[in-house]
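Please open the structure in a viewer and keep the selection tool at hand. The tour proceeds from one selection to the next.

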Amino acid sequence: MTGAEILIDCLKAQRVDLVVGMPGTQNVPIYDAVLTRGGIRHILSRNEQGASLIANGFARASGNVGVAVTVPGPGSSNASTGILDAYTDSIPVLLITGGTETHFDGRDRSKCFHGLDQRSFFAPITRYYGRPTTISEIPEVVEGAFRALRAARPGPAVIELPSDIAADEGAARIPPYVDRQRPPCDIPAIERAARLVSGVQRPVVVFGSNVLAAEATQELVSLVEQLRCPAIYTRLSKGGIPDDHPLRVDTLGSNLARAVIEESDIMLAVGCRFTQLDTFGWRYPLSEKVIQFDPDPNEIGREYPVTHGVVGDLKESLGRFLEAIGPHRGCLSSRLQKLREAHGQEPPYIPGVSGTREHLRRDAIVCVDVTCIGYRLVSEFPVYEPRTFHYPATSVTLGFGVPAAIGAKLAFPDRQVVAFCGDGGFQMTAYELATAAEHGIGIVVVVSNDGGLTAIRAVQSDRYQGRTIDTEMKTPHLAAMSEAMGARGIRVEDAEQVPALFAEALASGEPTVIEVMLEAKRDQIIELIPQPSHKA
C-alpha cells in the first residue's frame with residue numbers, strides 16, 4: 001500500500017467516515033486513497049477556512065472527530081481559523097495536510113513550494129502535531145493525534161503527510177481504535193467534597209463544556225435535583241441542562257447568575273475553565289467556598305483559588321459524588337423564583353429570531369454567528385438537549401455560522417439545523433452555501449442585514465464620543481447571492497414575516513437563506529447587546 005492508503009485505513013480504524021477539504025498538488029495521493037480505499041465520504045469545500053469550520057461544526061454536534069484535508073502552506077493557514085476556534089473551545093478537529101518532501105528537510109521552508117514551517121505555525125493552537133518521515137511512522141502519528149483528539153478535555157490535532165511519504169509504497173500495522181480517555185476518579189477527594197457539601201444550605205452548580213464532552217449531562221441533572229440547587233452554565237455548555245428545567249438559571253455572565261452566586265455558601269464548579277469572557281477578565285466573584293471538578297489536574301485552582309479539587313472523569317466522579325452525598329435539601333432553590341423576579345427579565349423581542357423557536361423540534365441544532373443578535377441568543381434562545389447550541393465562545397470566530405451549520409447537518413442529516421448570522425459574518429463564509437447546494441445539505445440560515453458591523457459600531461460610538469469609522473458597508477443582495485450559489489434566497493422587509501417563512505424553509509428540506517432587512521432597526525439591535533451591571 002502507499003503511505004496515503006495506510007493513512008486512510010488508519011482513519012477508518014478510528015471510525016472516520018467523513019472528511020471535508022480541497023485537493024491540491026501536495027495532497028493528491030491522499031485524495032486518490034480516499035477514492036480507491038472507499039469507506040470515507042468526501043465533501044468538497046470552497047475554501048479551507050470553510051473546511052475546518054465545517055469539521056468544527058460536525059465535531060461540536062456529534063462529539064466525534066471532525067476531519068479537514070488541505071494542501072500545506074496557504075491551504076493549512078486558511079484552515080487555521082477553524083483550528084484556533086477548536087483549540088480555544090476544546091473541540092476535536094483533525095487537520096490533515098500535505099507536506100514538503102522529506103529530502104528537502106533542512107531547506108529554508110520559505111523557499112519551498114507552499115513554503116510554511118507548519119509545525120511551528122500550529123504549535124500554539126493544537127494539542128498534537130505529527131509528521132511521519134517513513135511509512136512505518138504513519139500509524140504511530142495517527143494514534144498520537146487521536147489520543148489528543150479523544151483526551152479527557154479534547155482539542156485539535158494536525159497531521160502533515162509529506163508528499164513523497166504519501167506516494168511511497170510499503171507495509172504498516174493499522175492501529176486499533178483509540179478510546180476516549182477517562183482519567184480515574186479520586187475517591188478520597190470525592191469523599192472530602194461530600195463532607196464539605198453536607199454542612200451547607202445554599203449550594204450552587206456552575207458547569208462547563210466538559211460535562212458534555214464527558215457525556216455526563218444526566219449525572220449533572222441528577223446532581224442539581226439531588227442537591228435542590230440552582231445550575232448556571234457557561235456559554236459553551238448551553239443545553240447541558242434543559243432550558244425549561246426549573247433549576248436552570250442562566251449563563252454565568254447574567255445578573256441573575258450573579259445574584260444567585262452572591263447568596264450561595266458553596267459553589268460546585270463542574271468541568272468549566274473560567275474563561276476571560278465568562279468571568280469578565282477574571283473579576284467575577286465566586287462563592288465563599290468552591291469545589292472544582294475537572295478531568296485535568298492542571299485546571300484545579302488555575303484561574304481562581306478553590307477550597308477543594310476533585311480530579312477525574314466527570315461522568316464517574318459525579319456518579320460517585322451523588323452516592324456519597326445522599327439526600328440533601330438546599331434552601332437556595334426556594335429563593336430562585338424571587339431572584340428571577342428581582343434580577344431576571346422578559347426575553348426581548350429579537351427581530352428575525354422571535355417566533356422561530358416554535359417551529360423547531362426539541363433536538364434541533366442551532367449555530368449562532370458573532371452578531372448583536374447572536375449575543376442575546378446565548379441566554380434567550382431556548383435549548384433542550386446537549387450539543388444542540390453552538391457558538392464560538394472563546395475565539396469568537398466571525399463567519400462561524402454557515403459552515404458550522406453545514407457540519408452539524410452532515411453529522412445529523414435528519415435533524416433540523418439552522419444558523420443565525422449577521423450580514424458581516426455571513427459574507428465571510430457564505431461561499432460554503434455552494435457546498436450545501438451541491439450536496440443537498442438542507443440548512444436554514446437567517447441573516448440580519450443591518451448594513452454594517454453594528455456591534456463594533458456601537459463600541460466605537462460608546463468609547464469615542466459618537467465617532468465611528470468603516471463599520472457601515474454596502475451589503476450586496478444576500479438572498480440573490482445565495483440563489484446564485486444554488487441555495488434558495490428570500491429577502492424580507494418585515495421581520496414579522498420571518499417565522500412563517502422559516503417554517504416553510506424548514507419543510508422544504510433545501511438550503512435556504514432568509515435575509516431580513518433591518519437597517520432601519522439598527523438602534524434597536526444595538527440595545528440587544530447584553531450590558532450586565534457588573535461588566536465594568
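The stops below concern one pocket and one pair of helices in this predicted model.

**First stop: the pocket centre.** Select Ala59, Ser62, Gly63, Asn64 and Arg387, which lie nearest the centre of the second largest pocket. The volume of this pocket is about 940 Å³, and 48 residues line it.

**Second stop: the lining.** Colour helix H3 (48-62), helix H9 (210-213), strand S14 (389-390) and helix H15 (401-411), the elements that each give two or more residues to the lining of the second largest pocket. Which element provides the largest share of that lining? It is H3, with four residues. Colouring the lining of the second largest pocket by class shows 21 nonpolar, 12 polar and 15 charged residues.

**Third stop: H3 and its partner.** Keep H3 selected and add helix H4 (residues 74-89), which packs against H3 at an angle of about 25 degrees, the two axes being 6 Å apart. Angles under 35 degrees count as roughly parallel, and H3 and H4 are therefore roughly parallel to each other. Their crossing is right-handed.

**Fourth stop: the contact.** On the H3 side, display Glu48, Gln49, Ser52, Leu53, Asn56 and Arg60. Opposite them, in H4, display Gly75, Asn78, Ala79, Thr81, Gly82, Ile83, Asp85, Ala86 and Asp89. The contact of H3 with H4 comprises four nonpolar, seven polar and four charged residues.

The tour thus ends on H3, which both contributes to the lining of the second largest pocket and packs with H4.

Technical notes:
Residues are numbered from 1 along each chain as its sequence is written. This is a predicted model: local features need pLDDT of at least 70, side-chain atom pairs count only at pLDDT 80 or more; totals for chains, interfaces and linings use all residues. Side-chain values use heavy atoms; hydrogens and water are left out. On a 1 Å grid over the protein atoms alone, a cavity is a set of points where a 1.4 Å probe fits but cannot get out, and a pocket is an open set with protein on both sides within 12 Å along at least five of seven lines; lining residues have an atom within 4 Å of a point. Grid points are joined across faces, edges and corners, and a volume is the space filled by probe spheres set on the points. Ala, Val, Leu, Ile, Met, Phe, Trp, Tyr, Cys and Pro count as nonpolar, Asp, Glu, Lys and Arg as charged, and the others, Gly among them, as polar. Axes are lines fitted to C-alpha atoms, for helices over the stretch in contact, and angles run from 0 to 180 degrees between N-to-C directions. Angles under 35 degrees count as roughly parallel, over 145 as roughly antiparallel, 65 to 115 as roughly perpendicular and the rest as oblique. A crossing is left-handed if the near helix is turned anticlockwise from the far one by less than a right angle, and right-handed if clockwise. Contact means heavy atoms within 4.5 Å.
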